[in-house]
Amino acid sequence: MAGSLGLTPDSLKASGRSSEKLSLPTLQGKIKRDPQGYETELQLIYKQFKASVDLFKQQAALSFSSVGGIGSDPSVAKELGDRAMFLAHVTPFYPKQLKDFPTQLTDLLRTSCLAMPSGLRNHVAQALILLMNRKSLILEDLLALFLDIQTFGDRNLRNLAFSHVVQTIRKMSITDNRHRSLQNIVISMLEQEDETKAKRALVTLCELHKRKVWLGDNNARVAIAICEACFHTSPRIMISSLRFLLDYENIDGDDDSDASDSDDEDSKKVSQVAVNREAVYKANNKGTSSSKKKKQAKLQRAMRSIKRKQRSSSENTNSTYSPLNHLNDAQNFAERLFSRLQTGKTIGKTGERIETKLMMIKVIARTIGLHKLQLLSFYPFLQNYAKPHEKDITQILASAVQACHDGIPSDVVEPLFKHIVNQFVHDRSRPEAIAVGLNVIREMCLRIPELMTEDLLQDLALYKKSHEKAISAAARSLIALFREVAEAFDLLINPSLLVKKDRGRPGGPVAKPKQYGEVNVFSDVPNDSGNKEKVKGKKRKIVDFDANLLSADTSLRALKRLAEAKSEQLPVSESDGILSNEDFRKIKELQAKKETKIALAQKGFKVPDSDQLSKKRVDPAKLEAHIRHKLTKEQRLELVKAGREDRGKYRAKAAVKQKKIGGSSNKQKEHKKKMPLAAIRSKAGKSKRIKKMKKSISGSQFRGRKAWK
């Protein structure tokens with residue numbers, strides 16, 4: 001076999017060296033120091049690589065039926081992997097001699113990947129990654145191949161290929177033109193019917209979108225591709241896409257555990273490290289210098305993971321971003337997804353699971369709320385699921401609230417609204433259901449005030465006297481919405497629907513609810529002081545005069561109406577600057593609204609406008625009743641034990657002194673120190689005098705003087 005691979009003594013003697021066995025790591029170091037002096041050895045090993053490839057293909061063809069790949073001679077695969085890694089390391093030093101090597105290695109992995117054992121696959125993939133890092137290959141040539149090899153059952157190879165693709169794209173510049181071509185490759189693979197390839201393409205898109213690499217208006221096509229994956233023929237692809245759209249920070253699937261980066265793996269390893277005073281003390285003061293460095297590195301990783309979790313949680317609570325924002329035709333997307341939800345049939349299945357239906361409902365509601373769509377048949381569909389005994393009822397109700405906005409007619413939502421009132425809020429219902437129903441009613445009235453009637457609001461307000469704290473709190477929040485919050489935040493909710501005692505002291509004119517489609521239109525630019533300064537000027541611009549003439553009709557009657565309207569308006573320059581009683585009244589109203597708004601904000605009442613309400617995600621947990629009940633004895637003991645984890649076991653002070661290791665303290669030494677003779681005598685005399693004084697005092701008791709003496 002050695003002769004077939006070219007290991008002849010004559011070939012080695014031609015280079016002036018002995019015929020000893022070549023060590024590839026040693027030869028690699030020598031080639032890096034002197035590339036020109038080792039061209040003969042390079043050509044020899046390159047021929048050996050080609051011969052190994054041919055031999056491997058012959059053995060793979062003979063043992064094609066075997067499950068484990070090549071079982072006859074595993075040394076061939078090992079030698080092939082070692083030579084591939086060696087040539088990948090020295091390729092930059094011999095660009096002319098090894099110009100065909102990257103193409104040969106790529107073809108080998110593409111054609112014979114299934115026949116390779118696991119170790120050889122990893123060696124060839126690492127060699128290709130090394131060539132890519134040395135600029136001998138570009139990512140566009142290998143992206144499709146690296147996505148294909150992730151579909152095999154080799155988990156290590158899948159992790160290696162996935163992490164390299166993600167890290168390479170992350171390191172690219174934002175303005176790099178290659179992003180477009182790479183996106184085309186991944187999106188085209190996502191559109192294929194092959195489930196495994198489409199799944200890996202979807203995971204890659206979601207990971208890069210989650211890491212804010214392919215994020216923003218310039219990469220909107222990535223978000224649109226993820227949204228369109230909801231209509232894939234494979235149910236698993238559809239479920240993964242729905243999960244990502246509902247919470248784009250987490251995509252969790254059956255085979256997606258490898259989607260985490262090295263940072264996430266470090267955070268999982270570090271999560272078991274406790275960050276406390278004892279750990280910090282040990283890392284800085286105990287052990288050798290090398291062990292201290294290891295402990296300090298562990299603590300730093302733990303602190304980084306904690307900060308990363310805090311940052312991600314703050315971003316989740318504050319951000320209103322969703323990939324659904326980039327949809328070009330949101331109405332068509334919602335209608336198609338709703339039709340798929342209604343039919344409930346997919347290829348290879350008779351119907352969707354209830355969990356899948358729930359995810360589809362939440363995505364449709366999120367799309368309706370974000371884009372303020374008109375999907376009128378969605379609300380009667382939710383009415384079939386809005387029942388207290390249904391599983392995950394709070395998520396269904398949250399979707400109903402999410403789908404409500406000021407662009408929906410109240411007549412369409414009113415049947416669903418009354419159904420929730422009748423099913424949840426009645427005397428025979430459970431307290432938890434009543435509290436959830438009242439919270440949902442409050443949120444729906446906040447978005448569509450026309451749903452509430454006077455009789456219904458007064459009946460619901462009576463629940464404030466309930467003995468259940470959750471029910472009374474929900475009823476009072478509903479009353480506060482129609483009383484304080486409406487006036488403070490300029491919401492046109494009618495507080496006159498309440499009873500007089502619930503209405504409170506009137507602070508201004510009674511607000512009236514808006515009609516459907518009514519909006520506030522400004523006649524001028526608000527808070528614009530520049531317009532007033534321009535009016536005060538005496539100069540008249542010809543452009544403004546011509547514009548007024550063009551805006552009016554050319555008839556004489558229209559010109560007269562324009563002149564009369566201009567004469568009736570009092571110019572700002574002629575005003576005397578003295579405030580009237582009406583002005584003072586408006587100032588007081590504005591000051592009262594400002595103070596009320598500050599007070600409500602301090603208590604936790606923060607009511608955004610309609611646009612913010614539609615963009616904000618409705619949390620189902622906030623609709624539930626969270627009342628702190630009295631803890632049992634076992635729960636109190638658990639809390640006490642949890643607070644004592646960092647403490648050591650209790651020991652008495654005497655036991656600590658007895659088991660003390662080391663020398664005695666200075667205080668103990670002073671007690672054992674012998675005093676001089678004069679000090680001993682003075683101490684003894686002092687003690688005698690004290691005893692004598694105590695004895696004289698403790699004699700017969702003084703009973704007072706006799707009266708006759």
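**A walk through a helical model, starting at Arg442**

Let me begin with one residue: if we leave aside its neighbours within four places in sequence, Arg442 is in contact with Ser477, Leu478 and Leu481, where contact means heavy atoms within 4.5 Å. Before going on, I should say that this is a predicted model, in which local features need pLDDT of at least 70 and side-chain atom pairs count only at pLDDT 80 or more, while totals for chains, interfaces and linings use all residues. Residues are numbered from 1 along each chain as its sequence is written, and side-chain values use heavy atoms, with hydrogens and water left out.

Arg442 lies in helix α21, residues 431-447; helices here are DSSP runs of H or I with at least four residues, strands are runs of E with at least two, and they are numbered from the N terminus. With a relative accessible area of 17%, Arg442 is buried, since buried means under 20% relative accessible area, exposed means over 50%, and partly exposed is in between, using a 1.4 Å probe and protein chains only. The side chain of Arg442 also makes a polar contact, at 3.0 Å, with the side chain of Glu443. A polar contact is a pair of N or O atoms within 3.5 Å; within protein, one must be able to donate a hydrogen and the other to accept it, and residues adjacent in sequence count only if both atoms are side-chain atoms.

Stepping back to the whole protein, the secondary structure comes to 34 helices and zero strands. Of the 709 residues in the protein, 35% are buried. Among contacts between residues at least 6 apart in sequence, 69% join residues at least 24 apart.

Now to the interior, where the largest nonpolar core has 148 residues, and where Leu87, Leu105, Phe378 and Met452 are those with the most contacts inside it. By nonpolar core I mean a set of buried Ala, Val, Leu, Ile, Met, Phe, Trp, Tyr and Cys residues joined through side-chain atoms within 4.5 Å. To take Phe378 as an example, and again leaving aside neighbours within four places in sequence, Phe378 is in contact with Phe338, Ile361, Ile364, Ala365, Ile368 and Ala403.

A histidine is worth a brief stop as well: His419 sits in helix α20, residues 410-424, and is buried, with a relative accessible area of 15%. Beyond its neighbours within four places in sequence, His419 is in contact with Gln383, Ala386 and Lys387.

Let me turn to two helices, beginning with α9, residues 178-190, whose 13 residues should span 18 Å at 1.5 Å a residue, and whose end C-alpha atoms are 19 Å apart, which agrees. The expected span is 1.5 Å times one less than the number of residues in the helix. Which residues of α9 are buried? They are His179, Leu182, Gln183, Val186, Ile187, Met189 and Leu190. These residues cover an arc of only 155° around the axis, so they lie on the same side of α9; the arc is that of the directions from the helix axis to the C-beta atoms. The buried residues of α9 pack against α7 (139-149), α8 (155-171), α10 (195-210), α11 (220-228) and α12 (235-246).

Helix α10 has 16 residues and reaches 22 Å from its first C-alpha to its last, close to the 22 Å expected. This helix is mostly covered, with 12 of its 16 residues buried, among them Lys199, Arg200, Glu207 and His209. What covers the buried residues of α10 includes α7, α8, α9, α11 and α12.

Just after α10 comes Lys212, which takes a positive phi of about 60° although it is not a glycine. Lys212 is in the loop between α10 and α11 and is partly exposed, with a relative accessible area of 46%. Lys135 also has a positive phi, near 65°, and its place is in the loop between α6 (118-133) and α7; at 74% relative accessibility, Lys135 counts as exposed.

Finally, the cysteines. A search of the whole structure finds zero disulfides, a disulfide being a pair of cysteine sulfur atoms within 2.5 Å. Why does Cys230 not form a bond with Cys227? The sulfur of Cys230 is 6.4 Å from that of Cys227, the closest cysteine sulfur, and this is too far for a bond; Cys230 is buried, at 0% relative accessible area. For Cys404, the closest cysteine sulfur is in Cys445, 9.6 Å away and too far for a bond, and Cys404 is buried at 3%.
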